[in-house]
Amino acid sequence: SVFLLILSNVSSNYLLFSHDLVGSNCAAVLGLCGLLNSSTCSDLFLLSTRNDDLKEMLESNKDSLKLDAMKRIIALIAKGKNASELFPAVVKNVASKNIELKKLVYVYLVRYAEEQQDLALLSISTFQRALKDPNQLIRASALRVLSSIRVPIIVPIMMLAIKEAASDMSPYVRKTSAHAIQKLYSLDPDQKEHLIEVIDKLLKDKSTLVAGSVVMAFEEVCPDRIDLIHKNYRKLCNLLVDVEEWGQVVIITMLTRYARTQFTSPWKEDGLFDENSETAFYESDEKKTKNGDEKKSYMMDPDHRLLLRNTKPLLQSRNTAVVVSVAQLYWHLAPKHEVGVITKSLVRLLRSHREVQYVVLQNIATMSIQRKGMFEPYMKSFYVRSTDATHIKSLKLEILTSLANEANISTILREFQTYVKSQDKQFAAGTIQAIGRCATNISEVTDTCLQGLVLLLSNRDETVVAESVVVIKKLLQTQPTQHSDIIKHMAKLFDNIAVPMARASILWLMGEYCERVPQIAPDVLRKMAKSFTSEEDIVKLQTVNLAAKLYLTNSKQTKLLTQYILNLGKYDQNYDIRDRTRFIRQLIVPNEKSGALGKYARRILLAPKPAPVLESTYKDRDRYQLGTLSHTINTKASGYLELSDWPAVAPDQSVRNVEVIEPTGKSKLSKSSDDKFYSDSGEEKEKGSGSSSSDDSSSSSSSSSEESSSEAESDEEKSSSQSSEESDKSSSLSEKSSSESDSEQKKTTKKPPQKKTVKPTTKDSACPLVCGPGERLHGFVSKQVPVSLSLYSLCILTPCPLSCAAALLQVSGPAFVPEKRHDLLHRMTGKGLSAQYQFPRQPCLYQPTMVSVQISLTNTTDHPLEQIHIGDRGPTGLDMHCFNTVECLLPEASVTVSLGVDFNDSTQAANFQLCTKEDQFSVSIQPAVGELFLPATMTEQDFRKEQGKLLGMNESSATITMAAENTTRQPISRQVATVANLGVVPSGQDNIHRFAGKTASSGAVVLVTVELRESSAALITINTEKSVMGPMLLRDLKRALARA
Amino acid sequence: MIHSLFLVNSSGDIFLEKHWKSVVSRSVCDYFFEAQERASEPENVPPVIPTPHHYLISVLRHRIYFVAVIQSEVPPLFVIEFLHRVVDTFQDYFGVCTEAAIKDNVVVVYELLEEMLDNGFPLATESNILKELIKPPTILRTVVNTITGSTNVGEQLPTGQLSVVPWRRTGVKYTNNEAYFDVVEEIDAIIDKSGSTITAEIQGVIDACVKLTGMPDLTLSFMNPRLLDDVSFHPCVRFKRWEAERILSFIPPDGNFRLLSYHVSCQNLVAIPVYVKHNITFREGSSQGRFELTLGPKQTMGKGLEAVLISSQLPRGVLNTNLNPSQGTYNFDPVTKLLSWDVGKINPQKLPSLKGSMSLQAGASKPDENPTINIQFKIQQSALSGLKVNRLDMYGEKYKPFKGIKYMTKAGKFQTKGLLRGRAWDLKN
């Protein structure tokens, strides 16, 4: 490295002397030196020469030279120097293959495009092409730059690009489009309506990556469109923990505002809240039935509770902004008795950086005024350290003062005494103010404080004395009668005090209480008459005041003095003093001109004055939402959004219910075909079991979902109540279920995706229906060909519909249906009723996310069994579709019924009770992991593509020794199909066997590869994003394929 | 959100600027310079400064002000936290975060800032994601790039960006698999002159250095988790598991990271490991003052005190000192009046002391406060709170990692107040 350093020095010197020589050698050396030490190197050149060099380098055909030139240009920009004249040379490189060069060009473009609009347009087509790139990073960065170029003429192109990116399959690109929304909005606010549409669309996005950014866009573009949030409220609450930390802050702040408009105040009757605490919520269903009639008491909206519950863990975040945003949420939304949970976390933040402390202390200062109790146990955390910065010190004083009460005042005062002696005099002065506040607030210590402050009057430091005088003045006003000796003492000190404010305060005190110190006051006035001309204005004003008051009470002694002072004041340089003098003279010196007012002079000047109220500057600061910039600076910052008051009556709660159907244009299509499907599904239902043909079953599955959607439409009231019940259930469920966050999101994941595209295809009976349910997976399948070329040219600005997002992944019929039956209920335990279940591997009729289970019931008794049905489903709460009650089962007869269970992609057993008229039996269905899939067909190419996306954590593999009989295609396929309900993917190679499927509940892709190696070894690879199912399936497959 | 960023050095020069939206003139920083002039110390510049059209939010680290320009409402902590994250990233990339380092790597700095914010909103702040996008500069890589023409910029979206564990990249490989955890506790205390504790609290962190292949899933359990009063976690820690079982379960990031920081409440009695006896007297009228200081260990659980350093700000009236340390070296700066004594290790048999006289300014009045004494020290192999790691297990990978746990206690803000208590106010209580 030493060598290189020398080289760079030498080369730069060489260049210094030969800067007008432009040759390729020179440029190459320059490139090297620029790379090594670009900033120092570039400093050596004069601007014009350098630009010539740079231009030359940019126009060369070597990437490395271009890159060096760009690096030096960036260094210029960083220093704030103007490099705009290079724009034409730079913009040519926008399509460079070298990714670093390209990025630097992007940086340059964004910086100067606004200034060079015409030239900037040259680059647009490059970005449009990049928007179609298969690499998501390139798509995203193209959109980033395109939207950052602040050139109004490309607004329509940006709009189109945003819309397209909003439905990109990569969440990262969708996130970028959310950012682009804000950029476009600031460029052209007229696009608001269109942008709101995109925001609405992105708000429905389920990716945690997108959530924060889109809420940010929402806040910027249309913060008043609270109606867009309703449907996404629960989803946002549930996703919150997994969103990246910056997004969390934005979402929490927005939800705070939202909640204040949607829920009723939890603060009204504090006594009743205990009923509604955490534990009560878990059993809210029971509570409701018990307390059904006590409607008067406050019941927290479950959604309100959901928000509080889901934000609480974030108090443990390492990001201080997240902690404070949760704290403010609790402060503004939680019942008073629950706010305490935030205390500890806020105190913890005081260990963080100075700037963090500053903001946190400000928030604590505001809180501690209203709620002393919250921070009192942590009082010692607010003790001032000598190393604290001044603004931190004064905030801590502020808080300590707010926390003071009868019990702790002695401790606090003792602490304050040490502060007064601090070498930081500004802080000492602040402490004296604080003592004054404590003295007025807590009457028990007023005298002690006053005595202490009097002691400070003999302090050597002027600022301390002056501040003490000012504070004593305020304190004396509250109880003037007993303290004439203090006033005397202060009069004695008067000569030694130089601080104007303090002198003025003493003079005011003299005048106000001149009757209590009749000897001293005239003497002070005499002294002031001598020094009047050299005093500060504020002191002069008080001298005039004192003279006037003395004139009224003791004119004998002071008449001449007063006139003298008034004469001095008459010719003072300051007009305020001249004015005051004139006014006082008219008021107190009787003459012909002075009218009726003179009579009242005494009452005017010596009126009893109310004592000043010493209060914190943080009082009422919580009119601003805590944690905001406005709160910090105590004025309304631009763009601040007010927190509304709680509504008196809660708005309709059902707006947050997530209905099964999406209010999009597609639902209209389905309406037209409603009737037909309704009857269809009815027939299917009566038949009661899935038929074997795959066509049929998928049509029925789609139509059954159709049915539920049409129900939702036709009977609004019913559906909303139903779904609210559902959501209650599932929210309590998610509480109980284990830590896996995806189970928490169950409610949201099972929502409408499957609805999207089924209907248009089902309408045409000739169209293969199989692709219907498969559509759900389109999020995982890449659009193969970028058909829409609209963005290629500037002139065509209408979007092509993405018509051929073909379903590459189709659900196929099962390759194999295992005959194996599992015992559900043995006839001995079932008192003669025996039940067995098996997995028919048919897509479930009732709901596509369910796995269908066939149960055969047999009556082994000698009397008929009546009313066989499913009873209580137990606490696991898996979603189930029960079979219709079997009214009567004759002796020795058996019946097969089918059941749908949403196992939620886990092998958790479904527990329920099988009931007859007389008895109830607890039974459970334990699915093997392989039964939770639906087989899928895809091409080998698609398989590879999918596999490429599911590497790393999503991949599990193992090498096994295959059983001898399992080395050819058929046995392997059969074995795999026995274990798992997967479809065979045609394979070009003989030694590689591929199987594909998707999970029933969430539709995640499951890919299995069995690769035969030499000597009967085989590598099994499983790719799925379901990280739990992967290894389980692997285990089962190993068992099946390995040698016994 | 964040409109622009200016980097200002201690002499008040703007040496770097970056804009994420339209350009804001650097003259906006004049308001900042005004505030800087008003402040007596660099630390006293207020973090939030309103100006007529913008708001300036700044942090000071390594004697560089990072000044962010804001145009509309945003939580100030959001910006502050982000700026600190920027500094941490620079430190991570360049080893130090100095003006020179930033100037030398200005292109990387620019690329980083470009990736970290999009339109003023944080985009990628996780160190491992950034490192995949922009590789940290090393001399070797610079040379290689010059020759091969490859770049420091990644072409693929970092795997972390989309995964459920954004803090860890895939395909990590090590030949030696090791995981080290340092439990470091800091004790903050204010002790009054008589030796009684006014306030004391323990703050701890667990810093980890994990170099493990693949996707390991670690669990760390404590012997006495109840000690931890308040905790904050790295996002990798599974909160529910902690809530339920008091076990830290996590897929670790690759490399160095802070797993946990915690607080041991002051309600638990904190054992103070050191005591200081000091006697500083000034006589009225005399130009001499006495200075005596002894310190010794107390309640250290048999572990020695190391790296002991005493510092004190003597009153302004002190001209010079003439002191004798029984061990170590002492230093008095007559300009700043800062006395520092590097004691080193304390031998319990022979307690270190510092004695001697001070010369005072003639005619200066007697200082009314005895100086505060700040103490720094370290205790190896011991966590003062008694926190003990029980075990560390790894799941998800087959190999056996090497595991190590180290404990250390440090003094945080540890001061002994030298107050003249004699004139305390007569308090009724």
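Begin with both chains displayed and look at where they meet: chain A and chain B are joined by 10 salt bridges, each being a side-chain nitrogen of Lys or Arg within 4 Å of a carboxyl oxygen of Asp or Glu. By class, the side of chain A that touches chain B has 40 nonpolar, 40 polar and 27 charged residues, where Ala, Val, Leu, Ile, Met, Phe, Trp, Tyr, Cys and Pro count as nonpolar, Asp, Glu, Lys and Arg as charged, and the others, Gly among them, as polar.

A word on what is on the screen: this is a predicted model, in which local features need pLDDT of at least 70 and side-chain atom pairs count only at pLDDT 80 or more, while totals for chains, interfaces and linings use all residues. Residues are numbered from 1 along each chain as its sequence is written, chains are lettered from A and ligands numbered from 1 in the order in which they are written, and side-chain values use heavy atoms, with hydrogens and water left out.

**The interface**

Select A:R351 together with B:D188, and you will find one salt bridge, with the closest N and O atoms 2.6 Å apart. Widening the selection to the whole boundary brings in 107 residues of chain A in contact with 111 residues of chain B, contact here meaning heavy atoms within 4.5 Å. Across that boundary there are 32 residue pairs in polar contact, both residues being at pLDDT 80 or more; a polar contact is a pair of N or O atoms within 3.5 Å, and within protein one must be able to donate a hydrogen and the other to accept it, with residues adjacent in sequence counting only if both atoms are side-chain atoms.

The size of an interface is often given as the accessible area lost when the parts come together. For chain A and chain B the buried area is about 9,800 Å², with 58% of it on carbon and sulfur atoms; this is the accessible area (1.4 Å probe) that the two parts lose on being put together, summed over both.

**Each chain in turn**

Colour chain A by secondary structure to see its 47 helices and 16 strands, which are DSSP runs (H or I of at least four residues for helices, E of at least two for strands) numbered from the N terminus. Of the 1044 residues of chain A, 57% count as buried, a class that means under 20% relative accessible area, with exposed over 50% and partly exposed in between (1.4 Å probe, protein chains only). Among contacts in chain A between residues at least 6 apart in sequence, 68% join residues at least 24 apart.

Chain B, coloured in that way, shows 8 helices and 23 strands, and buried residues make up 56% of its 429 residues.

**Stops within chain A**

Go next to A:H332, in helix α20 (residues 320-333), which counts as buried because its relative accessibility is 4%. Beyond its neighbours within four places in sequence, A:H332 is in contact with several residues, including A:T256, A:R260, A:W267, A:D622, A:Y624 and A:W646.

From there, select A:Q451 in helix α27 (residues 446-456), which is partly exposed, with a relative accessible area of 48%. Adding A:I486 to the selection shows a pair 35 residues apart in sequence and 8.9 Å apart in space, C-alpha to C-alpha.

A:Q838 comes next, in strand β3 (residues 833-838); this residue is buried, with a relative accessible area of 10%. Its side chain makes a polar contact with the side chain of A:R821 at 3.4 Å, and, leaving aside neighbours within four places in sequence, the residues in contact with A:Q838 include A:P818, A:V853 and A:Q854.

Then move to helix α46 (residues 969-979), where A:P971, A:I972, A:S973, A:V976, A:A977 and A:V979 are buried. Show β14 (992-999), β15 (1005-1012) and α47 (1029-1041) of chain A as well, since the buried residues of α46 pack against these elements.

**Two backbone stops in chain B**

Most residues other than glycine have a negative phi, and most peptide bonds are trans. B:R246, in the loop between α8 (239-245) and β12 (247-250), has a positive phi near 60 degrees and is partly exposed at 32% relative accessibility. Finish at B:A307 in strand β16 (residues 305-313), where phi is positive at about 50 degrees although the residue is not a glycine, and where the relative accessible area of 43% makes B:A307 partly exposed.
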